[in-house]
Amino acid sequence: MNMEVVSEVDYDVIVVGAGPAGSIASYELARAGIRIALLEKFTIPRDKPCGGAVMARGLHIVRGKIPKRIVEQMIHGLRFVLPDGKEAQFKSDRLIGITVFRSLFDEFLAKRAEAAGAELHENARVVLASTSEHHAQVKLRNGDQLEAKFLIGADGVNSIVSRSLGLRPKRKNPFRIGLGMEADFHVGHEGVMEATRGDPSILEIIPVDGRISYGWMFPKKEHLAIGIAGASVHMHPLRPIFESFRKKLEARIGIDLKTDKKRTYFLGGDGILGKNYTRRALLVGDAAGFVDPMMGEGIAYAMRSGQLAAAVIKRCLDQDLYLEKHLIEYQALCHDEFAANFAMAERAALKGTSFAESVLIHAQALKMSSELLAALARGEIGYSDIPALVVRNLPREIPRFVRTTIQSRILKKQ
Ligand SMILES: Cc1cc2nc3c(=O)[nH]c(=O)nc-3n(C[C@H](O)[C@H](O)[C@H](O)COP(=O)(O)OP(=O)(O)OC[C@H]3O[C@@H](n4cnc5c(N)ncnc54)[C@H](O)[C@@H]3O)c2cc1C
C-alpha cells in the first residue's frame with residue numbers, strides 16, 4: 001500500500017478523447033463506479049477519416065452488441081490485388097468484421113460510456129496536460145482546469161497528452177508516421193454491388209503504383225470507402241498520387257468516383273517501441289501508436305488498449321497506488337498482446353509488394369489460409385502464431401495444394 005496523500009480532485013480519471021480507445025476505457029471504469037470525465041474536442045457525432053472496417057476482435061470487446069443501424073456491411077473476406085493485376089482472395093464462412101461510418105460507431109461507444117456513468121464533455125479541447133506527485137491535470141482551451149488522480153491520453157495520432165507529458169517528441173518522424181488521403185464515395189446500392197462484383201462482404205487491398213504504400217476499397221451500404229496510405233516519406237505529392245489511384249480504380253470497377261470531400265490524415269506508428277506510461281498517466285490507441293504497421297488497422301487495438309488501461313488504473317485506485325512504477329504493468333500487458341503481431345506486420349510491410357507476390361498468391365490455394373485470416377481478425381490467433389499453424393496444418397493441405405497448382409498450370413497452357 002502506498003501511503004502517499006492524494007489531494008481533493010475533480011475526478012478519479014480524466015480521459016482525453018472520445019474515440020474507440022477513450023470511450024472503451026471510460027465505459028470500463030465508469031461501470032466500476034469510478035468518477036470519469038471523458039473530454040472530446042468536438043461535438044458528437046464527429047467525423048473521423050477512416051476506412052471503417054472494425055475487425056471481429058474489436059466487436060468481441062462490446063460483446064457484439066452493435067446496433068444494426070450502425071452496421072454497413074458484414075465482412076467475411078479480404079482480396080489482395082497484386083501489382084501485376086492478379087488477385088488473392090480469402091473468404092471465410094465466419095464473420096471477420098463489419099464496416100461502419102466512424103461518426104456513428106464512435107458516437108455509439110461514447111454514449112455507451114456516458115450511460116455507464118462517465119461524464120461526457122463535448123467541445124472540451126485539451127491544450128495542455130501535466131502530472132505531479134499529487135494529481136494529473138488538464139487545461140482546456142476555454143481556460144478551465146480539471147484535476148484527477150489519473151489521466152488517460154486517448155486523443156489520437158496527434159495526441160497533445162503524449163507530447164505534453166514528454167512521452168512522444170513534438171515533431172513526427174516521417175519514416176515511422178503514416179500519411180494518406182481517403183474519401184467516402186456515394187455510388188448507391190447498385191454501384192456497391194457492381195464495384196464488388198456482387199459480393200460486398202469482401203474488403204479489397206490494392207497497391208499504389210510506384211510507391212511503397214497501399215490503397216483500399218471497403219464497401220458500405222451505398223458508399224465505397226477508398227483511400228491510400230504509406231510512410232510519410234513515400235507519399236509526396238499526396239493529392240496527385242490519390243488522383244491517379246482513384247482513376248485506376250474507376251477503370252477497374254467501371255464506376256465514376258466523384259467527391260469533393262477528400263481528407264488528408266496521419267496514421268500512428270511506433271507504439272510498441274514508445275513508452276506509454278508515466279506518473280499518473282497512460283496512453284491508449286493511436287495516441288500510443290497502436291496501429292498495425294502493415295494493414296493500418298487500429299480500431300480493435302484502440303479498444304483493447306482502452307480495456308487494458310482501465311483494468312490497470314482500476315487496480316491502482318483500489319489499492320491507492322500512484323507511482324509511475326505501478327503503471328508499468330500496462331506497458332507489459334500491451335507488449336504481450338501486440339508486440340509480436342506488430343513486429344511481424346512491420347517485417348511484411350517493409351517487404352512491400354514482394355511479400356504480397358511471394359506469399360499471398362500461393363497462400364490462397366490453401367484452404368487453411370482463409371480460416372487463419374478469420375482467426376486473426378477474430379483475435380483467436382496473432383500473426384506470430386501463423387508459421388507454427390502452417391507447419392502443423394500443411395500436411396493435410398498438400399494433396400489439395402498440388403491438385404490446384406497442377407490444374408492452374410494446365411489452364412494457363414490451354
Ligand atoms: C484514413 C484512415 C483509415 C483507417 N481505416 C481503418 C480501418 O478501416 N480499420 C481500422 O481498424 N483502423 C483504421 N484506421 C485506424 C483507426 O482509425 C485508428 O487506429 C483509431 O481511430 C484509433 O482510435 P483512438 O480512439 O485511439 O483515436 P481516434 O479515433 O483518433 O480518437 C481520438 C479522439 O480524441 C479527440 N481529441 C483529439 N485531440 C483532442 C484534444 N486535444 N482534446 C480533446 N479531445 C481530443 C478526437 O477528436 C477524437 O475524437 C484508419 C485510419 C485512417 C487515418
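**Notes on the ligand shell and strand β14**

1. Start with the ligand: 39 residues surround it, and G17, G19, G51, G285 and G298 come nearest. Keep in mind as you look around that this is a predicted model.

2. Which elements give two or more residues to that shell? They are α1 (20-30), β12 (178-186), β16 (263-267), α7 (285-288) and α8 (299-319).

3. As for chemistry, the shell around the ligand splits into 19 nonpolar, 11 polar and nine charged residues.

4. Now zoom out to the domains. Domain 1 (11-72 + 99-171 + 270-349) gives residues to the shell around the ligand, and domain 2 (178-267) does too, so the ligand lies between them.

5. Next, have a look at strand β14, which spans residues 213-219. Is it mostly covered or mostly open? Mostly covered: seven of its seven residues are buried.

6. It helps to think about the two faces here. Side chains in a regular strand alternate between the two faces of the sheet. In β14, S213, G215, M217 and P219 sit on one side, with Y214, W216 and F218 on the other, and all of these are buried, so both faces are covered.

7. What about the neighbours? Strand β13 (residues 202-207) runs antiparallel to β14, and four bridges join the two. If you'd like to find one on screen, I206 has G215 of β14 as its bridge partner.

8. Strand β15 (residues 223-231) also pairs with β14 in the antiparallel sense, over seven bridges. Here Y214 has A229 in β15 as its bridge partner. Follow the chain from β14 to β15 and you pass through a hairpin of three residues.

Definitions and conventions
Residues are numbered from 1 along each chain as its sequence is written. This is a predicted model: local features need pLDDT of at least 70, side-chain atom pairs count only at pLDDT 80 or more; totals for chains, interfaces and linings use all residues. A residue is buried if 20 or more other C-beta atoms lie within 10 Å of its own, exposed if 12 or fewer, and partly exposed in between; C-beta atoms are placed from the backbone. Two strands pair if DSSP finds at least two bridges between them. A residue is near a molecule or strand if its C-beta atom, placed from the backbone, lies within 6 Å of it. Ala, Val, Leu, Ile, Met, Phe, Trp, Tyr, Cys and Pro count as nonpolar, Asp, Glu, Lys and Arg as charged, and the others, Gly among them, as polar. Domain bounds come from an automatic or database domain assignment.
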